[in-house]
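The following exercises concern the fold, the nonpolar cores and one helix pair of a single chain. Each task is followed by a worked solution.

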Amino acid sequence: MKADSAAKPAPGQQGAGAAADEGQGEKRAEGGEKADADAAKTHVIRTATLSVEVKSVTKALAEARSVALGAGGVIEDETTERVDDSYITSHVVLRVPEAEYDSVLTELAGTGKLLSRTANAKDVTEQVVDVNSRIATQRASVNRVRKLMDQAQDITDVVALESQLNTRQAELESLLAKQASLADRTTMATVTLDLSERAKEEKADEDDGPGFLDALGGGWDAFVSVLRWIVVVLAAILPFVVALAVLFVLWRVFGVRLTALRARRTPAVEPIAAPAPSPSPDEDKGEGKQD
């Protein structure tokens with residue numbers, strides 16, 4: 001067949017073909033050594049999520065950036081917002097080298113009060129080895145198709161080989177992208193940090209001691225409370241006071257009239273004159289002497 005005849009190199013090309021085969025053999029040997037090294041190394045994807053309550057999100061966020069950048073990492077994502085004008089929250093995604101993973105977690109957890117912590121480690125060594133092996137095989141396949149295209153003379157064979165090359169090249173690029181993703185996730189750990197502040201009311205409760213204004217405010221609150229209770233008591237007894245006042249008014253009005261009517265109906269009695277006292281014997285003797 002023409003494809004088979006095209007696959008056989010010309011006499012003048014045997015030296016070049018031998019050199020190419022030797023180069024491919026060296027690359028395969030290097031690829032095999034690399035695959036053995038990858039198989040011996042453990043590849044782990046590390047992720048963690050921290051939730052920390054801090055006094056100031058702004059200061060804690062600056063500290064988290066400094067820790068990540070100091071460890072050789074990057075800030076992948078950040079979202080900071082103010083909630084109800086009372087406190088600030090921040091959501092940060094950090095990428096740090098795997099070697100600095102544990103130390104970074106310790107420093108971030110120490111920025112405030114740790115509310116929750118979740119860590120995950122996923123072993124992907126088999127995936128890495130498998131992808132590397134498939135990449136080596138796919139590269140060899142692409143190289144073979146390219147060599148056949150260089151030797152092909154029939155246009156039909158060239159078109160068929162070109163279609164095969166495009167398909168295998170696309171598969172190779174997909175494998176390379178997967179390899180890059182695995183390499184990135186295994187060499188750089190992902191840390192998600194959630195920072196939150198205490199509400200203003202809670203901060204006020206944690207002040208050291210009451211000052212003059214606090215004492216004044218407390219006294220005013222007590223005065224208002226007592227005044228409120230007095231008003232409540234007055235409101236409770238007001239109906240009774242009103243009822244008693246009405247009864248008193250009625251008694252004054254109708255009582256005076258009844259007394260006046262009784263006085264008119266009672267007849268007047270003339271007073272009886274008392275008898276004149278009789279003169280004593282001494283007085284009679286005195287009068288006789290005077291005569």
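Two residues are in contact, or touch, when heavy atoms lie within 4.5 Å. The model is predicted, so local features need pLDDT of at least 70 and side-chain atom pairs count only at pLDDT 80 or more, whereas totals for chains, interfaces and linings use all residues. Residues are numbered from 1 along each chain as its sequence is written, and side-chain values use heavy atoms, with hydrogens and water left out.

**Exercise 1. Determine which residues L108 touches, and place L108 in its core.**

Step 1. Residues up to four places away in sequence are set aside; L108 then touches L50, V52, A64, V67, L94, V191 and L193.

Step 2. A nonpolar core is a set of buried Ala, Val, Leu, Ile, Met, Phe, Trp, Tyr and Cys residues joined through side-chain atoms within 4.5 Å. Buried means under 20% relative accessible area, exposed over 50%, and partly exposed in between (1.4 Å probe, protein chains only). The largest such core has 23 residues, of which L108, V191, L193 and L195 touch the most other members.

Step 3. Two or more residues of this core come from each of β1 (44-54), α3 (57-70), β3 (87-97), α4 (101-109) and β5 (188-197). Helix α3 gives the largest share, six residues.

Step 4. A second, separate core has 13 residues, among them V124, V131, V142 and A152.

**Exercise 2. Describe how α5 packs against α6.**

Step 1. Helices (H or I, at least four residues) and strands (E, at least two) are DSSP runs, numbered from the N terminus. Helix α5 covers residues 125-151 and helix α6 residues 155-187; their axes are 9 Å apart, at an angle of about 155 degrees. Axes are lines fitted to C-alpha atoms, for helices over the stretch in contact, and angles run from 0 to 180 degrees between N-to-C directions.

Step 2. That angle makes α5 roughly antiparallel to α6, a term for angles over 145 degrees.

Step 3. By class, the contact of α5 with α6 has 14 nonpolar, seven polar and seven charged residues.

Step 4. Helix α6 also holds S163, which counts as partly exposed because its relative accessibility is 44%.

**Exercise 3. State where S51 lies and what S51 contacts.**

Step 1. S51 belongs to strand β1.

Step 2. With neighbours within four places in sequence left aside, S51 contacts K113, L114, L115, S116 and D194. S51 and L114 are 63 residues apart along the chain, yet their C-alpha atoms are separated by 6.2 Å.

**Exercise 4. How many helices and strands does the chain have?**

Step 1. The chain has nine helices and five strands.

Step 2. Along the sequence they follow the pattern α-α-β-α-β-β-α-β-α-α-β-α-α-α.

How values were computed:
Angles under 35 degrees count as roughly parallel, over 145 as roughly antiparallel, 65 to 115 as roughly perpendicular and the rest as oblique. Ala, Val, Leu, Ile, Met, Phe, Trp, Tyr, Cys and Pro count as nonpolar, Asp, Glu, Lys and Arg as charged, and the others, Gly among them, as polar.
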